[in-house]
Amino acid sequence: MTWEIKHFNDLTPKALYDLIKLRLEVFIGEQGCSYEDLDDRDKQAYHVFLYDADKVVAYCRILDEGVAYEEHSIGRVCVHSNYRNQGLAREMMKYAMQFVKNQDCTHQIKISAQSYIIPFYESLGFESISESYLEEGIEHRKMKWK
């Protein structure tokens, strides 16, 4: 299994379908979110993903500065339920963070993290910069990495 990173314009229809399928399974199916997942930011994003055979098992997207925040942003972080607790999320985040470091001299990333996973993001060097807030009924905090 090898990590891939592609801009939206470089995704094949199959890859785009597979990415969206995983996001829907995790965020809508498992977490019960009812937000509009396809928010037009995908068109401006780099998509980081990992296939196992013909299935995407881990995914996140990277947004450039000014799209969601003044800083770069990493979001839609998800791992298929059958592939969790194997270090894929950490490996994927490090890969995405290195990509941002290579693109941006300020080396700043801002995220909106679900509160239950804040210790994971802190272990990667992110720091909380906001109080808790609800997004889709799930407690979140803004975090920043430099």
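Me: So strands count as paired once DSSP finds at least two bridges between them. Which residue in E8 stands opposite isoleucine 109?

Reply: Tryptophan 145 does. This is a predicted model, where local features need pLDDT of at least 70, side-chain atom pairs count only at pLDDT 80 or more, and totals for chains, interfaces and linings use all residues. Residues are numbered from 1 along each chain as its sequence is written, and side-chain values use heavy atoms, with hydrogens and water left out.

Me: How many bridges link E5 and E8?

Reply: Six, in the antiparallel sense, between E5 (residues 109-114) and E8 (residues 138-145). E8 also pairs antiparallel with E6 (residues 127-128) over two bridges, where glutamate 127 partners lysine 144. With E7 (residues 133-135), E8 makes three antiparallel bridges, and there glutamate 135 partners isoleucine 138.

Me: What do E7 and E8 form?

Reply: A hairpin with two residues between the strands; glutamate 136 in the turn has a positive phi of about 55°.

Me: And how do I read the order of elements along the chain?

Reply: Helices (H or I, at least four residues) and strands (E, at least two) are DSSP runs, numbered from the N terminus. Here you get three helices and eight strands, running β-α-β-β-β-α-β-α-β-β-β. The radius of gyration is 14 Å, close to the 15 Å from the globule rule for 146 residues, so the chain is as compact as a globular protein of that length. That radius is taken over C-alpha atoms, and the rule is 2.2 Å times the number of residues to the power 0.38. The C-alpha trace spans about 40 × 35 × 30 Å along its principal axes.
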